[in-house]
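The following note sets out some comments on the contacts and the pocket of the model under review. Please read the points alongside the structure.

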Amino acid sequence: MPHHSRNRDQADQRLRATVDSLPTGRVATYGQIATEAGLPGRARRVGQLLANLETDSDLCWHRVLGAGGQISLPRERPAWHEQRARLLAEGVECDDRGRVDLERYGWRPDE
DNA sequence: CCGCTGACGTGCG
DNA sequence: CCGCACGCCAGCG
């Protein structure tokens, strides 16, 4: 197994772990997850990771939002509604346009 | 190597 | 507040 390939898996592992650390009822941005996992500036990579999740994955992908607190999926995709429903289900207010108040629900490490 | 695409982010008008 | 250009990074053909 090539070295760079291992690093990639390792990075993905850290990203997953970071997403995993999000408490119920709290949300974080893609960029925040990346930075927290030691990959500043790699927000798109977080998006890729989540986009490639298996449908049966346990990862709480719904707690990850775009900068500003918006659902980043295309509105027309079923997953958009799924994400909003999951957020509402755990008490996170999310308006009909998919926006969440980060001041209120944003996750900040160490609390 | 090139171009296209996407669950990103930021700056600007 | 919204759209848009641009920078960015990875994967794919």
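1. Tyr 30 reaches a base of DNA strand B: an N or O atom in the Tyr 30 side chain is 2.9 Å from a base nitrogen of that strand. The model is a predicted one, and the distances quoted in this note should be read as values computed from it.

2. Two further contacts to DNA strand B involve the protein backbone. A polar backbone atom of Gly 31 is 2.8 Å from a phosphate oxygen of the strand. For Ala 67, a backbone N or O atom lies 2.6 Å from a phosphate oxygen of DNA strand B.

3. Tyr 30, Gly 31 and Ala 67 also belong, with Arg 44 and Ser 72, to the five that come nearest to DNA strand B among the 16 residues around it. Of the atoms of this strand that come within 4 Å of the protein, 45% are accounted for by sugar and phosphate.

4. Helix H2 (30-36) and H3 each contribute at least two residues to the surface near DNA strand B. The greatest contribution is that of H3, with six residues. By class, this surface comprises eight nonpolar, six polar and two charged residues.

5. The surroundings of DNA strand C consist of Arg 8, Arg 42, Arg 44, Arg 45, Gln 48, Arg 97 and Arg 99. In terms of class, that surface has no nonpolar residues, one polar and six charged. H3 again gives the most, here with three residues.

6. Which parts of DNA strand C do the side chains of Arg 42, Gln 48 and Arg 97 approach? Arg 42 places a polar side-chain atom 3.2 Å from a phosphate oxygen, and an N or O atom in the Arg 97 side chain is 2.7 Å from a phosphate oxygen. For Gln 48, the partner of a side-chain N or O atom is a sugar or linking oxygen, at 2.9 Å. Within 4 Å of the protein, 61% of the atoms of DNA strand C belong to sugar or phosphate, and the rest belong to bases.

7. Apart from the DNA surfaces, the largest pocket merits a comment. Its volume is about 500 Å³. It is lined by 21 residues, of which Leu 50, Ala 51, Trp 61, Leu 73 and Arg 77 are the closest to its centre.

8. Helix H3 (43-51) and helix H4 (78-89) each provide at least two residues of the lining of the largest pocket, and H3 gives the most, with five. The lining divides into 11 nonpolar, five polar and five charged residues.

Definitions and conventions: Residues are numbered from 1 along each chain as its sequence is written. Chains are lettered from A and ligands numbered from 1 in the order in which they are written. This is a predicted model: local features need pLDDT of at least 70, side-chain atom pairs count only at pLDDT 80 or more; totals for chains, interfaces and linings use all residues. Side-chain values use heavy atoms; hydrogens and water are left out. On a 1 Å grid over the protein atoms alone, a cavity is a set of points where a 1.4 Å probe fits but cannot get out, and a pocket is an open set with protein on both sides within 12 Å along at least five of seven lines; lining residues have an atom within 4 Å of a point. Grid points are joined across faces, edges and corners, and a volume is the space filled by probe spheres set on the points. Helices (H or I, at least four residues) and strands (E, at least two) are DSSP runs, numbered from the N terminus. Ala, Val, Leu, Ile, Met, Phe, Trp, Tyr, Cys and Pro count as nonpolar, Asp, Glu, Lys and Arg as charged, and the others, Gly among them, as polar. A residue is near a molecule or strand if one of its heavy atoms lies within 4 Å of it. A polar contact is a pair of N or O atoms within 3.5 Å; within protein, one must be able to donate a hydrogen and the other to accept it, and residues adjacent in sequence count only if both atoms are side-chain atoms.
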